[in-house]
Amino acid sequence: MFRALLLFLSLGFFLAFQFVVSEIQLGSRLVVGENSLWVSNNGDFALGFFNPPGLPNRFSIGIRFNSNSIPFDQRKVVWVAGADVVVSDNSSYFELTRDGELVLCDSSLGVPVWNSKTNRFSVSSALLRDDGNLVLLKDREEIVWQSFGTPTDTLLPNQKLPASEMLRAASDSRSSYYSLHLEDSGRLELRWESSITFWSSGNEAVKKKKKKIGAVLTSEGALFLEDQDLMRPVWSVFGEDHNDTVKFRFLRLDRDGNLRMYSWNEDSGIWKPVWQAVENQCRVFATCGSQVCSFNSSGYTECSCPFNAFVSASDPKCLVPYQKPGCKSGFNMVKFKNLELYGIYPANDSVISQISSQRCKKLCLEDSACTAVTYTNDGDPQCRMKLTRYISGYSDPSLSSISYVKTCLDPIAVDPNDSKESPVTVTKSHSICLPCLVGATSTTLVLFLGFQLGIVVYMYQRKKKLAKKKADRFSKATNPKGLMIFSVDEIEAMTDNFDHNIGPQIFKGVMPENDLVAVKEVEATLTEERKFRSSASKIGTMHHKNLAKLEGYCCELGRRFLVYEYAKNGSILDHIVDPLRSKKLTWRIRTETCLSVAKALCYLHTECREFVSHGNLNCGNILLGEALEAKLTEYGFGLCAADKDVEDFGKTVLALITGRYEPEGVVSEWVYREWIEGRKETVVDKRLEGCFDVEELERVLRISFWCVQMDERLRPSMGEVVKVLEGTLSVDPPPPPFACARSSPTNSSESSQSLYEP
């Protein structure tokens, strides 16, 4: 309560001294001790002094968000003059001098510590624009300098990062190892210490240097690499809320080395990450420094030191235990499974290919400079030798790599403060003392009963504590992707013990904030726990209007649940099998559903950072929203090739058109025969009562039969399917889908047939 009051008072004091200036005149000054601000006309941004993290007695000058809709503690700094420059005196100031130069002066030193170097440009005034850009103007019109041209760790919408410029992550130590570079070749690169590139944009590098290329964050939530010569983007990524109505966004190189796009969420009052460059945080180079990165059961990253058992208790650093001059009794190689190591100081691992794990281990054992090795064999056996004690790494059960760490056989120093009692010598007695025996027996019985009672009390208290912990955790536990993690008890409470069924194994649920959700139970045997959690975290970052948004999941006690945004009208399957609800499935709704599902699959296959399959597409996992728009669920958990999804799509489309759903699909000789013999109208669901478009029916049936060809080589891509359904690509009559399974195209009469008409 007291802290909240202090925050309120300090915020009120802070706001009391801010003032809006449409134009900053020459000679204007901001002083540390006066808490004054220069504010944009719309009030969304402010320029003023602030304390950098970890430096309570130091001050930097910068631009931050200032909107009243954003709580004070969420008003992120987006630009800092001089990046890591600080001043230390309350009389230090930031001034637009009479010579037209921005100057940051540290009064304790009596000298400027940063300036804009614009005294020769005839600056007449300055302005903090509504987009957060601080500009210096000549004759009140021409921009001669701007903060957008000297970014620190952040890009605002429509701010351009030009070629040969970079962002550098902020750090408590006033500098950072991580930077984002836009190369002359036209690629974005994330680097560690400017020399190790651990991520790059997916566009093809150009041989000729490109000076007219820049990275731009759009106000709609996309990151583009724009080539001014080509007048088009050469690479792009999209936030999960792309094109949604979001007032504030920014792109930031965070201190953990990852590049993320953030959006302000009005409802939750937080900055939500909607895209990040490196999906697996443990793959960010040296994200744990000289420790090993791993994921805990909740999906959070954690850093640990696997070498603690082999080093002195007085050594606080996590360094490889082997030291060349210090090993007097020889050394040994300790094996670590599922562990990948790499040197960071220096980062110069030597790589030996085509080698066995034992040979890899022996090479390190015989090399006095080698401290550790990592052996991998993913089809190309490699031995990576480290020559430094400063080593980072990644540990995960999914890794096949094996690491060997060299350790000294010398005795490990014991902490002298950790004293232990010396052993007590017990002398045996041959005489029997009956009273002693009775007393000992009574005492033992009392102690036993007391022990049992203690266990009962402990178990009761523990159960009570766990129940409270679960209740407190409800709707609060999330992983780094923002997904909520539920227990089975919470799922049961949310769904009122699975009382309201809205589809096959899909139940209506109510969140604590009264938000409706759809809870889908999936077969636990389909995927093991680790992969399930990993897949859930991965698809939590995906955003498409025809993918049901994953709000959270449950993975415990051998059960698996997925919690999606609520779809008011249940599943497609419910409408197909229910005579009353089927009336909602008009011809227009059915064809729009086919196109929507096709677009969702195309997004999964080609527009995500890596290929994602559905693996189990059917009418039961297509939900219908309030306006009967299609929402695909259970995506991202199956492991299959694209052609399997294409086949399942064809079966699903035929189920929609015919209204005949069977677990194995409705593909049959009857459907194809009716179509090939000119009676295609007879396969349409009779409940439509003839209300359908004949041309659309022809197009839909043709592409459906191409999708379900038993020879998967004949199946189209989902991108091609989308074009056919949209009517922008014509399609040939297909061969019988159930004939000539896996026949060689060179021996088949259908081999010369093309999917598309000339």
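Student: In what order do the 4 strands of the open sheet lie, and what is their pairing?

Tutor: The open sheet has the order 27-26-33-29, and its pairing is mixed. Strand 27 (301-304) and strand 29 (339-343) are the edge strands, each pairing on one side only. Averaged with direction ignored, neighbouring strands of this sheet are turned by 25° against each other; axes are lines fitted to C-alpha atoms, for helices over the stretch in contact, and angles run from 0 to 180 degrees between N-to-C directions. This is a predicted model, in which local features need pLDDT of at least 70 and side-chain atom pairs count only at pLDDT 80 or more, whereas totals for chains, interfaces and linings use all residues. Residues are numbered from 1 along each chain as its sequence is written, and side-chain values use heavy atoms, with hydrogens and water left out.

Student: What makes two strands a pair, and how many bridges join strand 26 (residues 292-295) and strand 27?

Tutor: Two strands pair if DSSP finds at least two bridges between them. Strand 26 and strand 27 have 4 bridges in the antiparallel sense, so the criterion of at least two is met. Within this pair, Phe-295 stands opposite Thr-301 of strand 27. In general, strands of a sheet pair through backbone hydrogen bonds, either parallel or antiparallel.

Student: What counts as a helix or a strand, and how many of each has the protein chain?

Tutor: Helices (H or I, at least four residues) and strands (E, at least two) are DSSP runs, numbered from the N terminus. The protein chain has 11 helices and 42 strands.

Student: How do you know that the span of helix 8 (residues 642-658) agrees with its number of residues?

Tutor: The expected span is 1.5 Å times one less than the number of residues. For the 17 residues of helix 8 this gives 24 Å, and the end C-alpha atoms are 25 Å apart, so the two agree. Helix 10 (residues 694-707), with 14 residues, reaches 20 Å from its first C-alpha to its last, close to the expected 20 Å.

Student: Why is Trp-79 called buried or exposed?

Tutor: Buried means under 20% relative accessible area, exposed over 50%, and partly exposed in between (1.4 Å probe, protein chains only). Trp-79 has 3% relative accessibility and therefore counts as buried. Trp-114, with a relative accessible area of 16%, is also buried. Buried residues make up 47% of the 758 residues in the protein chain.

Student: What makes helix 8 and helix 10 mostly covered?

Tutor: In helix 8, 13 of its 17 residues are buried; in helix 10, 11 of its 14 residues are buried. Those of helix 10 include Glu-696, Arg-702 and Trp-706.

Student: Why is the pair of Trp-79 and Trp-114 classed as it is?

Tutor: Rings of Phe, Tyr and Trp (its six-membered ring) pair if their centres lie within 6.5 Å; planes under 30 degrees apart count as stacked, over 60 as edge-to-face and the rest as tilted. By this rule there are 28 aromatic pairs. The ring centres of Trp-79 and Trp-114 are 6.3 Å apart and their planes stand at 75°, so the pair is edge-to-face. Trp-79 lies in strand 7 (residues 77-80) and Trp-114 in strand 10 (residues 111-115), so this pair ties together parts that are 35 residues apart in sequence. Elsewhere, Phe-45, Phe-65, Phe-248, Phe-250, Tyr-262, Trp-264 and Trp-271 form one aromatic cluster.

Student: How do you know that Arg-29 lies over the face of Tyr-93?

Tutor: A charge sits over a ring if NZ of Lys or CZ of Arg is within 6 Å of the ring centre and within 35 degrees of the ring normal. Arg-29 lies over the face of Tyr-93 at 3.7 Å from the ring centre, and Lys-406 over the face of Phe-331 at 4.8 Å.

Student: What is Leu-223 in contact with, leaving aside its neighbours within four places in sequence?

Tutor: Contact means heavy atoms within 4.5 Å. The partners of Leu-223 include Leu-188, Trp-235, Ser-236 and Trp-275. Leu-223, in strand 21 (residues 222-227), is buried at 0% relative accessibility.

Student: What is the phi of Asn-35, and why is Asn-35 called buried, partly exposed or exposed?

Tutor: Phi of Asn-35 is near 55°, a positive value in a residue other than glycine. Most residues other than glycine have a negative phi. Asn-35 lies in the loop between strand 3 (29-31) and strand 4 (37-39); its relative accessible area is 27%, so it is partly exposed. Leu-557 also has a positive phi near 55°, but at 70% relative accessibility Leu-557 counts as exposed.
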